[in-house]
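Here is a short briefing for a newcomer. Look over the sequence and the model first, then read the points below.

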Amino acid sequence: MMEPLTSETWADALKLYQWLCTFVGVAPREHDEWWIDVGAIMRLGTRDPRGWESIDPYEEEDERREDPLFPWLETPSTSADAERYRPRVSELPRSSVRSLLVLLASAPRADLSLSPGWEERRPERERRADVLLSRFPDGTRFYTNLGWKGDRPDFYKQSSRSYDAFSQYDWDAGLIAVNDHEVAVFWNFQNT
């Protein structure tokens, strides 16, 4: 049975992304066009409506001081921007979100099922991913910049993925969650 979702269980679940270059932010849904809320998260122009922990791997880093948008290439802030961003992601079924959250805590181009020690690490990673996912009720829509095969992808086993870059890195992979009240961005950045 899963623990109740609290600021403490959320913060513990975010440890899934420690030691990685992963960004996690949640904001209130303030616009019909949710891409504008996504852009506000990317620009750090909004904060978690519950006051809970977020992750910004570039806080206080030189790259951010030199470029306030770093690591993002650009961020959506208008309806016209939303039209350009919309085709860059695909909607993902909820049944595949847990495996994507776990993948974002790894090397997104790897086949996790073949990684040494995967079966030992898998239960704890899935527990944390389930806590994160529990914040987003039924009816939440999920989007990713990753390509996949099939109707219900298992991101543990799909090692070769296409993607649409959102950042200055060689590779980035992300998840956007959208419901009537909140918008979230989970994004992993890697250089090859």
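A residue counts as buried when its relative accessible area is under 20%, as exposed when that value is over 50%, and as partly exposed in between. The model is predicted. With that cut-off in hand, start with helix α2, then turn to the loops and the largest pocket.

**Helix α2**
- Helix α2 spans residues 34-42.
- Nine of its nine residues are buried, so α2 is largely enclosed by the rest of the structure.
- The buried set opens with two tryptophans, Trp 34 and Trp 35. It continues with Ile 36, Asp 37, Val 38, Gly 39, Ala 40, Ile 41 and Met 42.
- Which elements cover these buried residues of α2? Among them are the strands β1 (22-28), β3 (141-144), β4 (171-178) and β5 (182-190). Helix α4 is also part of the cover.

**The loop between α2 and α3**
- Two residues other than glycine have a positive phi here: Leu 44 and Glu 60.
- Leu 44 comes just after α2, and its phi is about 60°. This residue lies in the loop between α2 and α3.
- Is Leu 44 buried, partly exposed or exposed? Its relative accessible area is 26%, so Leu 44 is partly exposed.
- Glu 60 lies in the loop between α2 and α3 as well. Its phi is near 65°.
- Glu 60 has 59% relative accessibility, so it counts as exposed.

**A cis peptide bond**
- The bond from Phe 70 to Pro 71 is cis. Its omega is near 10°.
- Where does Pro 71 lie? Pro 71 is in the loop between α3 (62-66) and α4 (79-85).

**The largest pocket**
- The largest pocket holds about 220 Å³ of space.
- How many residues line this pocket? The lining has 16 residues.
- Nearest the centre of the pocket lie Val 24, Leu 44, Thr 46, Arg 47 and Ser 54. Leu 44 thus appears both here and among the positive-phi residues.
- Strand β1 gives the largest share of the lining, with four residues. Strand β1 is also part of what covers α2.
- By type, the lining divides into seven nonpolar, five charged and four polar residues.

How values were computed: Residues numbered from 1 in each chain as written. Predicted model: local features only at pLDDT ≥ 70, side-chain atom pairs only at ≥ 80, totals over all residues. Heavy atoms only, no water. Buried < 20%, exposed > 50% of the residue type's maximum accessible area, 1.4 Å probe, protein only. Contact = heavy atoms within 4.5 Å. 1 Å grid on protein atoms, 1.4 Å probe; cavity = no way out; pocket = protein on both sides within 12 Å on 5 of 7 lines; lining within 4 Å. Points joined across faces, edges and corners; volume = space filled by probe spheres on them. Nonpolar A, V, L, I, M, F, W, Y, C, P; charged D, E, K, R; others polar.
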